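Work through the exercises below with the sequence and the structure in view. Each task is followed by a solution in steps.

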Amino acid sequence: MMQAASAALALPPDHLALLGLICFIAGLVRGFSGFALSAMVMASGALILPPVQLIPVCWWLEMTASLFMLRGGWREANRKVALGLAIGSTIGVPFGLALTTQVAVGTSKLIALAVIACLAALQLARVQLRFLASHWGLYGSGWMAGVATGLASVGGMVVALYVLAQNAPPREMRASLVLFLFLGSVTTAVSLLAFGLMDRTAIARGLAMAGPAALGVIFGQLSFIPRWEHYYKPFCLLLLLALASWGILRMIFGI
């Protein structure tokens, strides 16, 4: 059975098993933190598959996770902000995809890992970009999130920086991220199809990995403890920073 799945997904059995484990852990993180699913998959899985092949897989994972979490996100999110960010993201995604598809695989991996590391470091440092707290900052942040999605499927982390600039309550921030990721996934699908990235292999891989990710989301939601909420985000960001930095070091120095 593993051999058949390996052939259908064009992945060696060991890579297939490892990618499934990565997706489960990423789903677990998304379930209790509300973000970082794609960033976790990209930071860990970029050494298995090039970003241009992981991006459509991450689309399926984000859509699956969003469907599980959308109900709470719709009630508690700032819907006007989530819609504005999604509009900007729709415009930005093609720019990121255009760059990802034009550069060499090694370069695209470094770009994706560097973007993840920088965004994680900015959030850990709680850098508040005050210029984002404006009408144009809303759509500009959405555009940057779209570019980041096209580069490394990490648009949610850019949006987190925008929300941080608003000093929004943590629960509203988490819900707004969930709603944005759902809306953004709907429009991103069009760009992925237009660039020819959502092919049969990508669809098969995405559907196969959606199961482990969904299981992780369920366990993550069950393990969410409100009184520990302020620990979740720093933990996820430190993990992302460590994974992305390790990946960069491995690529540069062959560790």
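**Exercise 1. Decide whether Cys23 is buried or exposed, and whether its sulfur takes part in a disulfide.**

Solution. Start with the accessibility: Cys23 has a relative accessible area of 0%, so Cys23 is buried. The cut-offs are under 20% for buried, over 50% for exposed, and partly exposed in between, with a 1.4 Å probe and protein chains only. This is a predicted model, in which local features need pLDDT of at least 70 and side-chain atom pairs count only at pLDDT 80 or more, while totals for chains, interfaces and linings use all residues. Residues are numbered from 1 along each chain as its sequence is written, and side-chain values use heavy atoms, with hydrogens and water left out.

Next, look for a partner. The closest cysteine sulfur to that of Cys23 belongs to Cys58, at 7.4 Å, which is too far for a bond. A disulfide is a pair of cysteine sulfur atoms within 2.5 Å. Cys118 is in no disulfide either: the nearest cysteine sulfur, again that of Cys58, is 19 Å away. Cys118 counts as partly exposed because its relative accessibility is 49%. The total for the structure is zero disulfides.

**Exercise 2. Find which residues have the most contacts inside the largest nonpolar core, and which helix gives the largest share of it.**

Solution. A nonpolar core is a set of buried Ala, Val, Leu, Ile, Met, Phe, Trp, Tyr and Cys residues joined through side-chain atoms within 4.5 Å. The largest one here has 74 residues, and those with the most contacts inside it are Val41, Val154, Met157 and Leu240. Helix H4, residues 51-76, contributes nine residues, the largest share. Helices (H or I, at least four residues) are DSSP runs, numbered from the N terminus.

Now take Val41 by itself. With residues up to four places away in sequence not counted, Val41 touches Ile22, Cys23, Ala26, Ala46, Leu54, Cys58 and Leu61. Contact means heavy atoms within 4.5 Å. Both cysteines compared in the first exercise, Cys23 and Cys58, are therefore among the residues that Val41 touches.

**Exercise 3. Check the span of helix H5, then locate its bend.**

Solution. Helix H5 has 24 residues, 79-102. The expected span is 1.5 Å times one less than the number of residues. For H5 this gives 34 Å, and the end C-alpha atoms are 35 Å apart, which agrees.

The bend is at Ile91 and amounts to about 35°; a proline, Pro94, follows within four residues. A bend at a residue is the angle between axes fitted to the seven residues ending there and the seven starting there.

Then examine one residue of the helix. Ser89 lies in H5 and counts as buried because its relative accessibility is 1%. Beyond its neighbours within four places in sequence, Ser89 contacts Gly142, Trp143, Ala145, Gly146 and Phe180. Other buried residues of H5 include Val81, Gly92 and Thr100.

**Exercise 4. Describe two of the aromatic pairs by distance and angle.**

Solution. A pair of aromatic rings is described by the distance of the centres and the angle of the planes. Rings of Phe, Tyr and Trp (its six-membered ring) pair if their centres lie within 6.5 Å; planes under 30 degrees apart count as stacked, over 60 as edge-to-face and the rest as tilted. The structure holds three such pairs.

Among them, Phe24 and Phe219 are edge-to-face, 6.3 Å from centre to centre with 70° between the planes. Phe24 sits in helix H2 (residues 13-33) and Phe219 in helix H10 (residues 200-222), 195 residues apart. Phe24 is partly exposed at 25%, and Phe219 is partly exposed at 44%.

Phe95 and Trp143 are also edge-to-face, at 5.5 Å and 65°. Phe95 lies in H5 and Trp143 in helix H7 (residues 135-152), so this pair ties together parts that are 48 residues apart in sequence. Phe95 counts as exposed at 52%, whereas Trp143 is partly exposed at 35%.

**Exercise 5. State where Ser153 is placed and what is notable about its phi.**

Solution. Ser153 is in the loop between H7 and H8. Its phi is positive, about 55°, although Ser153 is not a glycine. Ser153 counts as buried because its relative accessibility is 11%.

Notes
Helices (H or I, at least four residues) and strands (E, at least two) are DSSP runs, numbered from the N terminus.
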